[in-house]
Amino acid sequence: MQFDVVTIFPGMFGTVFRQGVIGRAIERGVIGLAAHDLRDYTHDRHRQVDDMPFGGGPGMVMKPEPVIEAVESLRSSNPGPVVLMEPWGEPLGQDLAADLAAQPGLIIVCGRYEGIDDRVRSVLGAREISIGDYVLSGGEIPAMVLIDAVARLVPGVVGDPGSLTQDSFAGERTGWPQFTRPAEYRGMNVPDVLLSGDHARIEQWRRQQASHRRERVDTKRDAQIKELKKT
Ligand code: SAH
């Protein structure tokens, strides 16, 4: 799967994705990642990518031409959908990540300033995705979050596919509580069942714990949503 990112800060991606599971997958050629400088698609001396908003107001807006030209040139080598990172876009969840992981590639545009000229979306038939209801200063970190969530679901990226099916949100439940050595730490013991070697009991305990955790999380989230609706 090929990830192409359009950004004014292409240098941000190198260090992050040279590490860990994703870094190794790129090295092995299971996935490809390239960050492209949006300014390479400008035609003026100042390589300007932003301009003032029509109608006034604070801040600057990303001009449509460089973004559209960048994406159009990447399309010849990347057949995947185009994604614009935007805080008001559809929320990224594990299901959306799994859908995107089935694509041959993704072309991801990182916004800056007050966002991207609204015509870009219709010209490119793009999909807007948000990583949560808060505002960051640019689309680069959101793009990294999206790439990481999608890439780990591409077959061959994570060494042991079993670890994907036990991930939180992979099904109905969250992950279960994990422990490693030492078996006793500051007076706290690892639950006996995990030391028992009885795999059926361990499996049952993990399921129970995971569903308790899920209930706790759901209760918290329901309360948050109720609180939001009140205001
Ligand atoms: N004033 C704008 C915020 C722009 S933030 C608004 O309220 O919508 C600048 C850029 O950061 C956005 O264009 C987007 O690319 C990125 N960004 C910020 N927060 C984000 C989030 N939660 N999810 C995805 N992208 C985000």
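**Group meeting: a two-domain chain**

The chain exposes about 13900 Å², and carbon and sulfur atoms supply 53% of that area. Please keep in mind that this is a predicted model.

I will start with the whole chain. It has nine helices and nine strands. Its C-alpha atoms fill a box of roughly 70 × 50 × 30 Å, taken along the principal axes. Of the 231 residues in the chain, 37% are buried. Take the contacts with a separation of 6 or more: 77% of them are accounted for by residues 24 or more positions apart. On charge, there are 27 positive and 32 negative charges, and their mean positions are 6 Å apart.

How is the chain divided? There is domain 1, residues 2–151, and domain 2, residues 172–230. The C-alpha centres of domain 1 and domain 2 lie 35 Å apart.

Next, some helices, beginning with α4. This helix runs over residues 94–101, and L96, A97, L100 and A101 in it are buried. On which side of α4 do they sit? They are on the same side, because they cover an arc of only 140 degrees around the axis. The general point is that an α-helix has 3.6 residues a turn, so residues three or four places apart point the same way. What do the buried residues of α4 pack against? The partners are three strands, β5 (82–91), β6 (105–109) and β7 (127–130), together with helix α6 (140–151).

Now helix α3, residues 64–74. The buried residues here are P64, P66, V67, I68, A70, V71 and L74. Their cover includes the strands β1 (2–7), β2, β4 (61–62), β5 and β6, and also helix α5 (119–124).

One residue of α3 deserves a separate look, and that is I68. Is I68 buried or exposed? Its relative accessible area is 13%, and buried means under 20%, so I68 counts as buried. Setting aside neighbours within four places in sequence, I68 is in contact with V120, V123 and L124. For a sense of distance, I68 and R152 are 84 residues apart in sequence and 28 Å apart in space, C-alpha to C-alpha.

Moving to strand β2, residues 32–37, I pick out H36. With a relative accessible area of 18%, H36 is buried as well. Which residues does H36 touch, if those up to four places away in sequence are not counted? They are D4, V5, V6, T7, P10 and L74. L74 has already come up, as one of the buried residues of α3.

The last residue is F17, in helix α1, which covers residues 11–17. F17 is buried, and its relative accessible area is 4%. Not counting residues up to four places away in sequence, F17 touches I22, G23, I26, L33, M144, I147 and D148. Taking L33 from that list, F17 and L33 are 16 residues apart in sequence, and C-alpha to C-alpha they are 8.5 Å apart in space.

To recap: the chain is divided into domain 1 and domain 2, and their C-alpha centres lie 35 Å apart. In α4, the buried residues are on the same side of the helix. The three residues I picked out are also buried: I68, H36 and F17. That is the end of my part.

Key:
Residues numbered from 1 in each chain as written. Predicted model: local features only at pLDDT ≥ 70, side-chain atom pairs only at ≥ 80, totals over all residues. Heavy atoms only, no water. Helix = DSSP H or I, 4+ residues; strand = E, 2+ residues; numbered from the N terminus. Buried < 20%, exposed > 50% of the residue type's maximum accessible area, 1.4 Å probe, protein only. Contact = heavy atoms within 4.5 Å. Areas by Shrake-Rupley, 256 points an atom, 1.4 Å probe, with all protein chains shown as cover. Lys, Arg positive; Asp, Glu negative; His and termini not counted. Charge placed at Lys NZ, Arg CZ, Asp CG, Glu CD. Domains from an automatic or database assignment. Arc of directions from axis to C-beta.
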